[in-house]
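Thanks for coming. I will keep this short and go from the whole chain to one helix, one helix pair and the cores.

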Amino acid sequence: MTETSVEELLRYAEELKGEGNDHFRARRWEDALAAYRSALGRLPKHKPIPKSERNVDIDELSPDPNSSGQSSNESPVRNEVDETPLTEEEMQVAKARSVLNANIGACYVKLGEHKETVNACTAALLDDPHYVKALQRRAASNEQLNTWSSLSSAREDYNTLLSILPKSSKDSKEVQRLLRLLQPRLEVAQKQETAEMLDKLKGLGNNILGNFGLSTDNFKFIPNGQGGYSMNFSQ
């Protein structure tokens, strides 16, 4: 890809992002989503960025004026290891892609499609793992999904945010508050999903053990004090 073509792709994507921002401010969520996705389609897909490529500031325009988050001040970074140095244009493409995916996530938040929000923000974080807005949106949507797995993911994102945000900032204090509220919900979700799993296993077990004159009532599941269960047999 030539330098000129990269510049053209970035320009087209920026124009479409501007259209998406206008739609978003006008609360036209579907139109904004279409514009952001069209802009994203103009850009090359994600590929690994070396860990050495950091600390390059690139400004963004967020579509959400009510968001308290911000993008990371580091350059886009990926978890994969790649020894090939990136050009400045490739760094700009990665940053633009990260912002567009986060904006797509913001649209899905407004549309109440939280699984899609999680997917979009995860894509944004591939290019910029310390992207605060993407972490905030993904955590909030995972809370809305309200499963043991999603709540655990939200806790991970909140802990990541605490490692990024200034400790005395309002955002950091808000994340601490959200973590305190999240913990009892995690415990309830874990117990509920464990009980549901055991009920399903019990039903399956009864179908099999019935052939031998037994039932799952002959087996007692006892908490082992380590988050799991031990099984005892009784006649």
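**The chain as a whole**

Among contacts in the protein chain with a separation of 6 or more, 61% are between residues 24 or more positions apart. Please keep in mind that this is a predicted model. The protein chain has seven helices and two strands. Along the sequence the order is α-α-α-α-α-α-α-β-β, with the strands following the helices. Of the 235 residues in the protein chain, 38% count as buried.

Now to one helix, α5, which covers residues 132-145. How far apart are its end C-alpha atoms? They are 20 Å apart. At 1.5 Å a residue, the 14 residues of α5 should span 20 Å, so the two values agree.

Is α5 enclosed or open? Eleven of its 14 residues are buried, so the rest of the structure largely encloses this helix. The buried residues are V132, K133, A134, L135, Q136, R137, R138, A139, S141, N142 and E143. You will notice that the list includes K133, R137, R138 and E143. After α5 comes N146, which has a positive phi, near 60°.

Next, the cores. In soluble globular proteins, nonpolar side chains tend to be buried together. The largest nonpolar core here has 20 residues, and those touching the most other members are Y131, A134, Y158, L161 and L182. Which helices supply at least two residues each to this core? They are α3 (88-111), α4 (114-127), α5, α6 (148-164) and α7 (170-209). The most comes from α7, which gives five residues. There is also a second, separate core, made of 19 residues, and V6, W29, A106 and C107 are among them. As for A134, it appears both in the buried list for α5 and among the residues of the largest core that touch the most other members.

Last, a helix pair. The axes of α2 (residues 29-41) and α3 come within 9 Å of each other and cross at roughly 160°. Angles over 145 degrees count as roughly antiparallel, and α2 and α3 are therefore roughly antiparallel to each other. Their crossing is left-handed. On the α2 side, the contact is made by W29, E30, A32, L33, Y36, R37, A39 and L40. On the α3 side, the residues are R97, L100, N101, N103, I104, C107, Y108, K110 and L111. Two of these names have come up before: W29 and C107 belong to the second core, and both take part in this helix contact.

That is all I have; questions are welcome.

Technical notes
Residues numbered from 1 in each chain as written. Predicted model: local features only at pLDDT ≥ 70, side-chain atom pairs only at ≥ 80, totals over all residues. Heavy atoms only, no water. Helix = DSSP H or I, 4+ residues; strand = E, 2+ residues; numbered from the N terminus. Expected span 1.5 Å × (residues − 1). Buried < 20%, exposed > 50% of the residue type's maximum accessible area, 1.4 Å probe, protein only. Core = buried A, V, L, I, M, F, W, Y, C linked by side-chain atoms within 4.5 Å. Axes fitted to C-alpha atoms, helices over the stretch in contact; angles between N-to-C directions. Parallel < 35°, antiparallel > 145°, perpendicular 65-115°, else oblique. Left-handed = near helix turned anticlockwise from the far one by under 90°. Contact = heavy atoms within 4.5 Å.
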